[in-house]
Amino acid sequence: MNPSPRVVVVDDQALVRTGFRLILGADGIDVVAEAADGAEAVDAVRRTRPDVVLMDIRMPGTDGLEATRRILAGAPDALAPDAPRVVMLTTFDLDHYVYAALSAGASGFLLKDVTPEHLTAAVRTVRAGDALLAPAITRRLVERFARTGAETAALHRDLAALTPRELDVLRLLARGLSNAELAERLHLSEATVKTHVSRVLTKLGLRDRAQAVVVAYETGLVSPRTGEG
């Protein structure tokens, strides 16, 4: 049995931090540190090495987006299995900051009015290595905010490393299909689909399906207007 997740809670409002700590603690989830801004968050993560960071996006000084970049993109071991997973906290479900955070490597987002049950389930889901939000929700974000172009595509030239089948899987992931739907569409078993998804993530150096959807749109593999490649 895996040990309980270790969490850092980051928000400029003390009441929010306290509420989240009490909710998580009641479910056996250990809050190892709290931070009131992004700079404190980076220090807390380095000091405590948590499994999950609950990160407010909008804070005075160093905001959550910059803190996420420092924690994830700047770390050479950001893709390691024990690297922290960042979940963004926001009051809006279609926020360009959320999209930017996904691009920076965050594993999903939560609305601040999340129920206690959803909060604890989300922490455990992300800790297990899964993206927090459904691909269909990620797709809505990407369609609204993604920008394609040579500069963006150049960041992921390793799409060429994917096999034709893996490209098919990535296209369908970007359209919000689940593993079961992928299996039905491609006439494969779910186990085989999971293997293909894992290989796509590994070859592209991505943390989870949320970032895979972002890459599919930003490289032009899938069109934001049609959702099809």
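Visitor: In what order do the five strands of the open sheet lie, and which pairing do they have?
Guide: The order is β2-β1-β3-β4-β5, and the pairing is parallel. At its edges lie β2 (30–35) and β5, each of which pairs on one side only. Neighbouring strands are turned against each other by 25 degrees on average, direction ignored. The model is a predicted one, in which local features need pLDDT of at least 70 and side-chain atom pairs count only at pLDDT 80 or more, while totals for chains, interfaces and linings use all residues. Residues are numbered from 1 along each chain as its sequence is written, and side-chain values use heavy atoms, with hydrogens and water left out.

Visitor: How do you know that β1 and β3 pair, and how many bridges join them?
Guide: Two strands pair if DSSP finds at least two bridges between them. Four bridges join β1 to β3, which run parallel, so the criterion is met. One residue pair in this region is Val8 with its bridge partner Val53 in β3. Helix α1 packs on the sheet, touching β1, β2, β3 and β4, and its direction makes about 170 degrees with that of β2. Such angles run from 0 to 180 degrees between N-to-C directions, with axes fitted as lines to C-alpha atoms, for helices over the stretch in contact.

Visitor: Why is Arg85 called buried?
Guide: Buried means under 20% relative accessible area, exposed means over 50%, and partly exposed lies in between (1.4 Å probe, protein chains only). Arg85 has 14% relative accessibility and therefore counts as buried. Arg85 is found in strand β4 (residues 85–90). Not counting residues up to four places away in sequence, Arg85 touches eight residues by name: Asp51, Val52, Val53, Ser107, Val126, Gly129, Arg207 and Asp208. Contact here means heavy atoms within 4.5 Å.

Visitor: Is Arg140 buried, exposed or partly exposed, and what value decides this?
Guide: The relative accessible area of Arg140 is 39%, so this residue is partly exposed. Arg140 lies in helix α6 (residues 135–145).

Visitor: What makes α5 count as a helix, and what span is expected of it?
Guide: A helix is a DSSP run of H or I with at least four residues, whereas a strand is a run of E with at least two, and both are numbered from the N terminus. Helix α5 (residues 116–127) has 12 residues. The expected span is 1.5 Å times one less than the number of residues. For α5 that is 16 Å, and the helix reaches 17 Å from its first C-alpha to its last, which is close to expectation.

Visitor: Which residues of α5 are buried, and how do you know where on the helix they lie?
Guide: The buried residues are Leu119, Thr120, Ala122, Val123 and Val126. Seen down the axis of α5, they fall within an arc of 155 degrees, so they line one face of the helix. The arc is taken from the directions that lead from the helix axis to the C-beta atoms. An α-helix has 3.6 residues a turn, so residues three or four places apart point the same way.

Visitor: Against which elements do the buried residues of α5 pack?
Guide: They pack against β1 (6–10), α1 (14–26), β3 (52–56), β4 and β5 (109–111). Thr120, at 9% relative accessibility, counts as buried. Leaving aside neighbours within four places in sequence, Thr120 is in contact with Ile23, Leu24, Asp27 and Ile29. Helix α5 lies across β1, β3, β4 and β5, at about 125 degrees to β3.
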